Amino acid sequence: MTETSIPPIAEAAPKRARDRIFAAADDLFYRQGIRAVGVDAIAKEAGVAKISLYRAFPSKDDLIVAYLEDRNAGYWERWDRAFARHEGDPRAQLRAMMEHLADRTTAPDYRGCPFTNDATEFPDPSHPGRRVSEENKRELRRRMLRLAEALGAPEPKILADGLVLLVEGAYAISQTLRGRDGPGHAIVAAAEALVEAQLGRAGAAAHRAE
């Protein structure tokens, strides 16, 4: 073995350990809850010593933030893919997103929205994970507002907030009346009803003005 071959090998091992630690934390945090899972359980699941975990993530809070940031990135990637298929058609975009949420939130293994779960587990606004969770919800609200405006809603903020409430309701009900027979599928029809209510009122008002 030459001296120049040593650094790449030395660098590769920590990366593999970090990936195992992160994968274990991602799975355990989501399935069991963040507070319920300790660093010992994560290290055991990842097959590493606890000192290796702390080399990769100096604290559990650092691991929580990494977990939420990764989930947040994946969330918006899925959103963008769903919308990209219907570029220029906001009605179809809304339906595609609501159909995705209906399918996702009624899956048997669905454990709820990780950001809502985090905010519930850590009510202290100063907790570092709250920053990621709250930003996810603010971005959801911003995107719903842009969608409502693209739909031509006369009161886009009201429509956007109504859609956000539908989404959050689907997340919440998935943990009580869960599964494919639960009410989660109604989010598609409910979203369309909200849109129709606004656009219908706008059309009626325009007709009266003629």
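The lining of the largest cavity in this predicted model is a mix of 5 nonpolar, 2 polar and 3 charged residues. Here Ala, Val, Leu, Ile, Met, Phe, Trp, Tyr, Cys and Pro go down as nonpolar, Asp, Glu, Lys and Arg as charged, and the others, Gly among them, as polar. The lining includes F29, Y30, Y67, R111 and E121. Two helices, α1 (6–32) and α6 (114–121), each supply at least two of the lining residues, and α6 gives the most, with 4. Helices are DSSP runs (H or I, at least four residues), numbered from the N terminus.

The largest cavity has a volume of about 50 Å³. A cavity is a set of points on a 1 Å grid over the protein atoms alone where a 1.4 Å probe fits but cannot get out, and lining residues have an atom within 4 Å of a point. The volume is the space filled by probe spheres set on those points, which are joined across faces, edges and corners. The structure holds 2 cavities of 30 Å³ or more. The second largest comes to about 30 Å³, and its lining has 4 nonpolar, 6 polar and 1 charged residues.

F29 turns up again in the largest nonpolar core, which has 56 residues; F29, I42, M98 and M144 have the most contacts inside this core. Such a core is made of buried Ala, Val, Leu, Ile, Met, Phe, Trp, Tyr and Cys residues joined through side-chain atoms within 4.5 Å, where buried means under 20% relative accessible area with a 1.4 Å probe and protein chains only. The largest share of this core, 11 residues, comes from α4. Leaving aside neighbours within four places in sequence, M144 is in contact (heavy atoms within 4.5 Å) with W79, M98, A160, L163, V164 and V167.

Now for the rings of W79 and its partners. W76 and W79 sit 3 residues apart in helix α4, about one helical turn, and both are buried, W76 at 9% relative accessibility and W79 at 3%. The W79 and F83 rings have centres 4.8 Å apart and planes at 40°, so this pair is tilted. Rings of Phe, Tyr and Trp (its six-membered ring) pair if their centres lie within 6.5 Å; planes under 30 degrees apart count as stacked, over 60 as edge-to-face and the rest as tilted. Ring pairs link Y75, W76, W79, F83 and F115 into a cluster.

Residues are numbered from 1 along each chain as its sequence is written. Local features need pLDDT of at least 70 and side-chain atom pairs count only at pLDDT 80 or more, while totals for chains, interfaces and linings use all residues, and side-chain values use heavy atoms, with hydrogens and water left out.

Technical notes: On a 1 Å grid over the protein atoms alone, a cavity is a set of points where a 1.4 Å probe fits but cannot get out, and a pocket is an open set with protein on both sides within 12 Å along at least five of seven lines; lining residues have an atom within 4 Å of a point. Buried means under 20% relative accessible area, exposed over 50%, partly exposed in between (1.4 Å probe, protein chains only).
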